[in-house]
Amino acid sequence: MSLLAFQKYMHVQLRHQSRLSLAQLQYAGDWLNRLYQGGYWRKVEMYLIPAIRQATPHADGLLDEINGLNHAALESINVVQQRAGAAIDHSELQAEQLCAAIDGFCAALLERLEKEECELFALARKVIVGEAWFAIAYQFLAHDARAQEARRDKAQVLPFVLPAPLPTSLSAALPASLPGPVPAPGTPADGAETAAQGSAPAPLAMPQPLRARA
């Protein structure tokens, strides 16, 4: 769904556009890289495929095909990033070439997903025994737990922002010194300390920084 949504969005954006900016090329390259990394580092790639390799020597052909589709998608990313890095002159061919690179990228990864659904998972059900499935499931759960913990650790702490200074006209209207706090009835106060309090206001307690919710 992410691949198809991105492909459709870019086609709509480039449909009536003949000249591309450097920012548009960089945007496309960044999103292609995100989609590629999101597919390459999936749990299937990290845990299921190694288990298949260990279970049977007859899966090399299929796994090589899947790996080749990964390389085809990566090549499309390289084309877009090289054009953005070279900052080529704007021309009518840029939009067509960018659409072609995006189409090639999406086609390669969609074919890979199709092979996984129809062939890889069917092969996994045949060659992986029950005990190994429990180990894979544990790896999946541990992966999800680490990802959730990483998201929690990325919660930012909002810094305390000092108030803006008063306008010059308002500052001039205020008295030079503010009266100190009035002592409670019956509380002894030293004369020198009382005078010091009358010359400057008591320091304000700085509020603690707020922590954003994840």
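**View 1. Salt bridges across the model.** Counting up the salt bridges gives 8 for this structure, which is a predicted model. Four of the residues involved, Arg42, Glu45, Arg112 and Glu116, hang together as a network of salt bridges. The next two views zoom in on pairs from that network.

**View 2. Glutamate 116 meets arginine 42.** Here the closest N and O atoms of the salt bridge sit 2.7 Å apart. Glutamate 116 belongs to helix H5, while arginine 42 is in the loop between H2 and helix H3 (43-55), so the contact ties together parts of the chain 74 residues apart in sequence. How much of each partner is covered? Glutamate 116 is buried, with just 2% relative accessible area, whereas arginine 42 comes out as partly exposed at 23%. The cut-off for buried is under 20%, so arginine 42, at 23%, falls in the partly exposed class.

**View 3. Arginine 112 meets glutamate 45.** This is another salt bridge between side chains, with an N to O distance of 2.6 Å. Again distant parts of the chain get linked: arginine 112 comes from helix H5 and glutamate 45 from helix H3, 67 residues apart. Arginine 112 is a charged residue, yet it counts as buried, at 2% relative accessibility.

**View 4. A salt bridge within helix H6.** Glutamate 149 and arginine 152 pair up at 2.4 Å, N to O. How far apart are they in the helix? Both are part of helix H6 (residues 130-153), with their positions 3 residues apart, or about one turn of the helix. Both ends get some exposure: glutamate 149 is partly exposed at 37% relative accessibility, and arginine 152 is partly exposed at 42%.

**View 5. The largest pocket.** Zooming in on this pocket, we find about 290 Å³ of space. It has 15 lining residues, and those closest to the centre are Leu3, Leu35, Gly38, Gly39 and Arg42. Helix H1 (2-14), helix H2 (22-40) and helix H5 (92-127) are the elements that each give two or more residues to the lining. Which of them gives the largest share? That would be H2, with 7 residues. By residue type, the lining splits into 8 nonpolar, 4 polar and 3 charged. Arg42 turns up here as well as in the salt-bridge network: it is among the residues closest to the pocket centre and also one of the network members.

**View 6. A nonpolar patch on the surface.** Leu4, Leu110 and Leu113 together make a nonpolar surface patch of about 230 Å². Leucine 110 is part of helix H5, and its relative accessibility of 32% makes it partly exposed. Patch residues need over 30% relative accessible area, so at 32% leucine 110 makes it in.

**View 7. Leucine 14 and glutamine 94.** Leucine 14 sits in helix H1 and is buried, at 5% relative accessibility. Its C-alpha is 9.8 Å from that of glutamine 94, though the two are 80 residues apart in sequence.

**View 8. The whole chain, for orientation.** Stepping back, the protein has 8 helices and 2 strands. Read from the N terminus, the elements go α-α-α-α-α-α-β-α-α-β. Of the 214 residues in the protein, 23% are buried.

How values were computed: Residues are numbered from 1 along each chain as its sequence is written. This is a predicted model: local features need pLDDT of at least 70, side-chain atom pairs count only at pLDDT 80 or more; totals for chains, interfaces and linings use all residues. Side-chain values use heavy atoms; hydrogens and water are left out. On a 1 Å grid over the protein atoms alone, a cavity is a set of points where a 1.4 Å probe fits but cannot get out, and a pocket is an open set with protein on both sides within 12 Å along at least five of seven lines; lining residues have an atom within 4 Å of a point. Grid points are joined across faces, edges and corners, and a volume is the space filled by probe spheres set on the points. Helices (H or I, at least four residues) and strands (E, at least two) are DSSP runs, numbered from the N terminus. Patches are made of residues with over 30% relative accessible area and no salt bridge: like charges are joined within 9 Å, nonpolar side chains (Val, Leu, Ile, Met, Phe, Trp, Tyr) within 5 Å. Accessible areas come from the Shrake-Rupley method with a 1.4 Å probe; for residues, only the protein chains shown count as cover. Buried means under 20% relative accessible area, exposed over 50%, partly exposed in between (1.4 Å probe, protein chains only).
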